[in-house]
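Visitor: I would like to go through this model and ask what stands behind the words used for it.
Guide: Here is the entry.

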Amino acid sequence: MIQFRMLNRSKGPAMWSPRAQSDRMLFATKWREMLEQTPNVDFYQDMVNSLMVKDGRVYGVVTGLGHKIKAKSVVLTNGTFLNGIIHIGEKQIGGGRMAEKAATGITEQLVSLGFESDRLKTGTPPRIDGRSLDYSKMEEQTGDNEIVGFSYTNTKKLLPTQQKSCWITYTSQAVHEILKTGFEKSPMFQGRIQGTGPRYCPSIEDKINRFAERDRHQLFVEPEGFNTVEIYVNGFSSSLPECVQYQALKLVPGFENCKMFRPGYAIEYDYFPPTQLKFSLETKLIENLFFAGQINGTTGYEEAVRQGLIAGINANQKAKELDPFIIKRSEAYIGVLIDDLINKGTDEPYRMFTSRAEYRTLLRQDNADLRLTEKSYRLGLASQQRMDRVKEKKEKVEKLKQVLSTVFIEPDEANAYLESVQSSPLVQKQKIAQLVLRPNIGLQQMKMQLPAVQNALAAFDSEILEQAEIQLKYETYIEKEKELVAKMSQLEDLIIPDNFDYEKLVSLGTEAKQKFKK
């Protein structure tokens, strides 16, 4: 991690989102080290050209060098490689990533087996030499002083001073005019790209075309790592000719003398509409075959890694003839993502948003360990140590809530502090738990300001304080959502038979009837 920020802090805890800027090369190296140190994991580097299928079951793969590798389960995580085409202006290059070959043969075989496929596109921005930029003309974006991280283990955290800054700059009307000169050579506007692009992170040419009324767009200038000068220009994805990209960038504040490592490009690839999958991410048509990532029509890394985790778990469960592992919408964002994909499908790259989850008060980032560690432990993934830590956390949170419900604060001790945060004074003593329910009041601040609170909370660390406070403040909302989950769970277990006649339901619209039939 080179920078950490907790996004949406000004909103309620259900909206808080941890974000890390990571060193790309260190990340890949660390993952490889971890994989190579894992017992029973073997590696073989080759291109897979086809699957070995018989009687509706997959039983292995065939590689480009002709090797046949047998398997009880196969997971396809093809990313953007299936018949991938890279577009830069009028240039077209076969590839799944710059300088990496596309994968051929798999789509054609799956279509011959009865699968439905389609095309999507995504893009990437130019990479710039950071030494050629003038950061004095940009707005600095530093990391948080409090680095929470993503893990509930005692992972060593960066010091705030070790973080690398990101920077913010903007396009302008002049930048947009230069970009427009490339539209006649744009693969997107000239129809050479057939696939649908992502609505929520569109290319810069798409932005200035769709939002013509806006005279500028924000760009995030992000370092690629600790030991490289390479810069990622987030917000400037493009498939325009490289000379147009370069001329336009030179008009962006701070980029006047920029040097380009490589241009941005669009990539078009095959995907398989995810309505062809079960909840376990196993395909309905071919047993023991699992799909994960962009092959299912999703965007970026976060969506892909969630599916990879679930497909991997279920490939293992299937190989051992165990029940599939299914996460519900009410249990995790993974559940929302997979439920959306297989029940609604997608015809554009799917991105996960908090707004897609109807139970987001329950699905907070602060309680992921409380929600999911036990499931992980039962699968044999989480260690005994992690399980013990979660049990200890639960017990401490309950103990703290009891303390908060029994310790009283006197008016003469609390009122000066309450006045300072513009909260009503006390007329009689009150439990700490009652005070916490007020807006603008938190346990950490009370601990610093009120000796009685400090004494009562001395045995509890900040993680326990935050968890207890959230549970108390949002108790009513949390209970309402739990009731809603219970009601919906009863309905979820009802199966609509395949021979059900939707035409007889006059209350359903035509589109709904068509979708149900399909």
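The questions below set values against cut-offs.

Visitor: What kind of model is this, and how many helices and strands does the protein chain have?
Guide: The model is predicted. The protein chain has 16 helices and 19 strands. Its C-alpha trace spans about 75 × 60 × 60 Å along the principal axes.

Visitor: What share of the residues in the protein chain is buried?
Guide: Of the 518 residues, 43% are buried. As for contacts between residues at least 6 apart in sequence, 66% join residues at least 24 apart.

Visitor: How many disulfides does the structure hold?
Guide: The structure holds zero disulfides.

Visitor: Why is cysteine 243 not bonded to the closest cysteine sulfur?
Guide: A disulfide needs two cysteine sulfur atoms within 2.5 Å. The closest cysteine sulfur to that of cysteine 243 belongs to cysteine 258 and is 13 Å away, so the pair is too far apart for a bond. Seen from the other side, cysteine 258 is in no disulfide either, with the sulfur of cysteine 243 as its nearest at 13 Å.

Visitor: What makes one of these cysteines partly exposed and the other buried?
Guide: Buried means under 20% relative accessible area, exposed means over 50%, and partly exposed lies in between. Cysteine 243 has 46%, so it is partly exposed. Cysteine 258 has 1%, so it counts as buried.

Visitor: Why is glutamate 140 called partly exposed?
Guide: Its relative accessibility is 45%, and therefore glutamate 140 is called partly exposed by the limits of 20% and 50%. Glutamate 140 is in strand E11. Beyond four places in sequence, its contacts are Ser165, Cys166 and Trp167.

Visitor: What makes the pairing of the glutamate 140 and serine 165 side chains a polar contact?
Guide: The limit for a pair of N or O atoms is 3.5 Å. The side chains of glutamate 140 and serine 165 make their polar contact at 2.5 Å. Glutamate 140 also lies 9.2 Å from threonine 169, C-alpha to C-alpha, with their positions 29 residues apart in sequence.

Visitor: How do you know that glycine 149 is buried, and where is it placed?
Guide: The relative accessible area of glycine 149 is 9%, so it is buried. Its place is in the loop between strand E11 (139–141) and strand E12 (166–170). Leaving out residues up to four places away, glycine 149 touches Met1, Phe4, Pro18 and Lys157. Glycine 149 and alanine 20 are 129 residues apart in sequence, yet 7.9 Å apart in space between C-alpha atoms.

Visitor: Why does asparagine 288 count as buried?
Guide: Asparagine 288 has 7% relative accessibility, so it counts as buried. Asparagine 288 sits in the loop between strand E16 (265–271) and strand E17 (289–291). Among the residues that asparagine 288 touches are Arg57, Lys72, Glu282 and Lys318.

Visitor: How do you know that the span of H8 agrees with what is expected?
Guide: The twelve residues of H8 should span 16 Å at 1.5 Å a residue, and the end C-alpha atoms are 16 Å apart, so the two agree. After H8 comes glycine 380, with a positive phi near 90°.

Visitor: Which residues of H8 are buried, and what covers them?
Guide: Asp369, Leu370, Thr373 and Lys375 are buried in H8. The cover includes H9 and H14.

Visitor: Why is aspartate 369 called buried, and what does its side chain meet in a polar contact?
Guide: Aspartate 369 is at 4% relative accessibility, so it counts as buried. Its side chain makes a polar contact with that of lysine 393 at 2.8 Å. Aspartate 369 also touches other residues, including Tyr152 and Glu463.

Visitor: How do H8 and H9 pack?
Guide: The angle is about 145° and the axes are 10 Å apart. H8 passes H9 in a left-handed crossing. Among the residues that meet are Leu370 and Tyr377 in H8, and Met387 and Val390 in H9.

Visitor: What is the reach of H14, and which of its residues are buried?
Guide: H14 (residues 462–473) reaches 16 Å from first to last C-alpha, close to the 16 Å expected. Its buried residues include Ile464, Leu465 and Ala468. The helices they pack against include H8, H9 and H15. At the start of H14, a side-chain oxygen of aspartate 461 comes to within 3.2 Å of the backbone nitrogen of glutamate 463.

Technical notes. Residues numbered from 1 in each chain as written. Predicted model: local features only at pLDDT ≥ 70, side-chain atom pairs only at ≥ 80, totals over all residues. Heavy atoms only, no water. Buried < 20%, exposed > 50% of the residue type's maximum accessible area, 1.4 Å probe, protein only. Helix = DSSP H or I, 4+ residues; strand = E, 2+ residues; numbered from the N terminus. Expected span 1.5 Å × (residues − 1). Contact = heavy atoms within 4.5 Å. Polar contact = N/O pair within 3.5 Å; in protein donor to acceptor, adjacent residues only side chain to side chain. Axes fitted to C-alpha atoms, helices over the stretch in contact; angles between N-to-C directions. Left-handed = near helix turned anticlockwise from the far one by under 90°.
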